[in-house]
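Here are some exercises to help you find your way around a new structure. Try each task before you read its solution.

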Amino acid sequence: MATLPSKPIADDVSLLVVLIDTNPFFWSTSSSSLNFHQFVSHVLVFLDLIVRLSQLNQIVVIATGHNTCDYIYDSSLDTDQVTGEGELPALYSFVLQRLEEFVDKDEKLGAKQEGLSEKRASSLLSGSLSMALCYIQRVFRSGPLHPQPRILCLQGSPDGSEQYVSIMNAIFSAQRSMVPIDCCYVGSHNSAFLQQASYITGGVYVKPQHLEGLYQYLATVFAVDLHSRSFLQLPRPAGVDFRASCFCHKTTIDMGYVCSVCLSIFCKHHDKCSTCGSVFGKAQLDAASDRKRKASES
Amino acid sequence: MNNSEKKRMNGEAEEENEEDVEDEGRDAWERTYTDERSWEALEEDESGLLQPIDNKAIYHSQYRRRLQSLSATSAASRIQKGLIRFLCVVVDLSKAAGEMDFKPSRMAVIAKHVEAFIREFFDQNPLSQIGLVIIKDGVAQSLTELGGSPEAHIKALMVKLGCAGDSSLQNALELVHDTLHKIPSYGHREVLILYSALSTCDPGDIMETIQKCKKAKLRCSVIGLSAEMFVCKHLCQETGGSYMVALDEGHFKELLLEHAPPPPALAEFAIANLIKMGFPQRAAEGSIAICSCHREAKVGEGYICPRCKARVCELPTECRFCGLTLVSSPHLARSYHHLFPIEPFTEISARQFELSRVASKTCFSCRESLLTPGAACTKCKQYFCLDCDIYIHESLHNCPGCESRRITPAAASATKS
């Protein structure tokens with residue numbers, strides 16, 4: 001099994017997998033100057049730009065919803081695309097139609113559930129990242145010549161802490177396959193997961209200050225293929241925070257205690273690990289027999 | 001008539017004898033050319049051009065068999081694994097390592113694959129350490145100390161590649177025992193011996209040494225390159241390791257890489273402990289400090305120990321001044337997939353595939369149309385092609401179908417009960 005990619009077609013041909021965040025909980029409460037319609041229009045013009053830069057460029061769009069993820073558009077498929085309605089090119093109408101269908105499906109899946117207790121509703125980023133990576137593996141398998149793949153995350157929803165392990169797995173797999181994960185974060189506070197993703201895989205993380213000009217950020221930073229990036233001065237990460245957060249209080253710590261069995265992080269010394277139940281300082285068999293003895297005594 | 005018949009039979013018997021004699025004169029690697037005839041597996045297409053051999057089907061069936069053997073040991077259940085490992089790799093560089101049945105020589109093949117193994121090992125176990133030991137001229141020498149940097153080990157190994165003399169298993173075990181005796185109690189002690197020789201010249205009673213290793217809780221595994229030996233088998237059985245003999249280079253690589261993921265941990269082998277670790281921040285851009293590893297002034301791009309504020313160049317490492325283990329959270333996260341493994345997918349029979357109500361028979365993750373039935377996830381019931389199945393289980397460790405579903409607490413408790 002080849003973990004290293006085979007030879008790309010030419011230096012400047014790219015396969016761009018765009019992950020669009022359609023989480024209704026984020027877009028409805030977003031207080032910034034960008035609403036979902038404006039966001040989609042910026043992104044559509046950007047997609048058109050990528051397609052026009054080179055005939056061999058490929059785009060795949062995957063939507064990240066609140067309850068599901070799905071493929072929206074694949075430029076390599078000869079679909080019977082919807083013909084342009086009026087002034088809109090075929091690409092735009094097709095993507096808009098599929099996005100609408102996706103958002104409806106996402107909503108229907110959510111309607112079966114009870115109301116959300118937590119205010120910060122995250123999207124299923126790990127699902128769309130996994131699908132993107134599987135698609136990229138398929139492209140690697142397709143033959144000796146293929147475009148250079150990269151992933152662009154257009155994310156606004158906050159990080160979901162329950163997805164930490166899956167997102168880190170996806171990041172390490174992307175690092176091994178040498179696929180950079182770029183991110184353009186349109187939410188309010190920085191996303192620690194995506195900053196780490198860009199740092200580890202060698203991608204670019206940008207949090208635009210003026211969201212009305214989102215297209216300009218996209219076109220100048222993310223439209224460039226991987227080979228040409230070495231000639232450009234791209235935004236550099238201003239301090240990625242790699243400190244861990246302790247499992248008991250979720251505060252970031254710079255010195256802590258790590259359980260040698262399950263690698264959970266604690267800020268204070270404990271006698272017993274709350275995750276795996278191992279008793280510290282004693283061999284496991286002794287601890288188990290101690291517990292049995294105490295149970296039989298009581 | 002009888003005479004001529006007898007003569008004919010004798011003649012045939014003589015011919016058979018001649019063939020046997022000829023075969024005995026050939027080596028095993030020569031016999032693969034005469035007996036197996038690999039050139040006959042090549043195929044031509046209509047225009048007479050050579051077609052690449054279709055390895056895919058073989059590869060898939062190999063993968064299936066491997067998964068089945070893994071699931072037989074219930075890999076899906078949460079077995080405790082030894083995540084903080086201290087592994088000593090013992091390379092046998094005796095005269096037998098110069099044999100040429102592995103091209104170009106056993107030594108070269110071992111060195112190449114040990115390099116790949118070291119990189120894979122540190123990729124999967126970032127908190128662990130490796131030490132290298134070589135056996136040459138009947139003595140065991142420690143090539144590198146236990147350390148966490150792959151480059152140092154690989155450089156040391158590539159320099160010292162020469163084989164001579166006899167091999168001594170007992171000396172190697174004594175040396176490894178002394179090295180691994182000093183490590184903290186929460187670490188798992190492992191030894192991996194790559195043995196080419198067919199004998200061992202020992203100064204004392206090797207059975208005593210084996211008992212000593214067993215008492216010290218060393219888990220010794222051996223990969224043999226020539227043939228199975230009783231003493232290696234006994235060693236592995238006593239200490240709970242695995243003993244395999246490699247058939248050829250590909251098989252050797254496979255066996256070696258099997259030791260990279262953490263083995264299941266026997267509960268009495270390591271004492272659980274809380275290890276104090278530091279999570280350093282990156283130094284500010286443009287700050288100048290003398291780094292503690294190279295003893296030279298460096299600008300920016302380093303990490304600062306939270307306890308003694310010394311500058312280190314790379315992580316994970318141990319601070320030279322205060323001894324604090326320094327890691328970053330991604331290093332810990334690299335091992336999480338061992339703790340939360342995904343279940344193997346079930347294979348779909350052709351009939352189930354026909355009957356399934358999936359509208360478009362495409363793989364859920366890569367959207368390639370499924371020509372042959374693939375595999376399905378037991379939890380989310382999505383279909384995947386075999387290549388995605390392999391990628392998901394070997395590299396990604398996330399099921400895209402399960403990750404693309406939101407499970408509410410109510411639904412989760414319903415499935416649990």
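**Exercise 1. Find out what share of chain A is buried, then build up a profile of that chain.**

*Solution.* Start with burial: among the 298 residues of chain A, 51% count as buried. Keep in mind that you're looking at a predicted model. Next, go through the secondary structure, where chain A has eight helices and ten strands. Then check the contacts with a separation of 6 or more: 64% of those in chain A join residues 24 or more positions apart. Finish with the surface, which is about 14300 Å² for chain A, with 53% belonging to carbon and sulfur atoms.

**Exercise 2. Do the same for chain B, starting with its helices and strands.**

*Solution.* Chain B comes to 15 helices and 19 strands. It has 417 residues, and 42% of them count as buried. For contacts with a separation of 6 or more, residues 24 or more positions apart supply 63% in chain B. The chain exposes about 22100 Å², and carbon and sulfur atoms make up 52% of that.

**Exercise 3. Work out where in chain B confidence is lowest and where it is highest.**

*Solution.* Get the overall picture first: chain B has a mean pLDDT of 81, and 82% of its residues reach 70 or more. Now look at the extremes. Helix α1 (residues 2–25) of chain B is lowest, at a mean of 48, while strand β8 (residues 243–245) of chain B is highest, at 94. Zoom in on residues 4–22 of chain B: pLDDT stays under 50 there, and the model shows zero contacts beyond four places in sequence for them. For the complex as a whole, the predictor gives an ipTM of 0.86 and a pTM of 0.81.

**Exercise 4. Which residues touch the most other members of the largest nonpolar core?**

*Solution.* This core has 103 residues, and the ones touching the most other members are Val17(A), Leu19(A), Ile151(A), Ile193(B) and Phe384(B). Helix α4 (residues 125–141) of chain A gives the most to the core, with ten residues. Another core, of 37 residues, lies apart from it and includes Leu16(A), Ile20(A), Phe39(A) and Phe222(A). Now pick Ile193(B) and skip its neighbours within four places in sequence: its contacts include Val90(B), Leu169(B), Leu173(B) and Leu235(B).

**Exercise 5. Compare the span of helix α2 (residues 36–53) of chain A with the expected value, then see what covers the helix.**

*Solution.* Helix α2 of chain A has 18 residues and reaches 26 Å from first C-alpha to last, close to the 26 Å expected. Its buried residues include Phe39(A), Val43(A), Phe46(A), Leu47(A) and Ile50(A). Among the elements covering the buried residues of α2(A) are β1 (14–21), α3 (90–111) and α7 (214–222) of chain A.

**Exercise 6. Is Ala216(B) buried or exposed?**

*Solution.* First locate Ala216(B): it's in the loop between α7 (206–215) and β7 (219–224) of chain B. Ala216(B) counts as buried because its relative accessibility is 11%, and the cut-off for buried is under 20%. Leaving aside neighbours within four places in sequence, Ala216(B) is in contact with His177(B) and Arg189(B).

**Exercise 7. Find where UniProt places the "zinc finger region: C4-type" feature, and describe that stretch.**

*Solution.* The unreviewed UniProt entry puts this feature at residues 305–322 of chain B. That stretch is 0% helix and 22% strand, with its end C-alpha atoms 9 Å apart.

Note on methods. Residues are numbered from 1 along each chain as its sequence is written. Chains are lettered from A and ligands numbered from 1 in the order in which they are written. This is a predicted model: local features need pLDDT of at least 70, side-chain atom pairs count only at pLDDT 80 or more; totals for chains, interfaces and linings use all residues. Side-chain values use heavy atoms; hydrogens and water are left out. Helices (H or I, at least four residues) and strands (E, at least two) are DSSP runs, numbered from the N terminus. Buried means under 20% relative accessible area, exposed over 50%, partly exposed in between (1.4 Å probe, protein chains only). Contact means heavy atoms within 4.5 Å. Accessible areas come from the Shrake-Rupley method with a 1.4 Å probe; for residues, only the protein chains shown count as cover. pLDDT is the predictor's confidence in each residue, from 0 to 100. A nonpolar core is a set of buried Ala, Val, Leu, Ile, Met, Phe, Trp, Tyr and Cys residues joined through side-chain atoms within 4.5 Å. UniProt positions are given in the numbering used here, feature names are shortened, and annotations may be inferred rather than shown by experiment. The expected span of a helix is 1.5 Å times one less than its number of residues.
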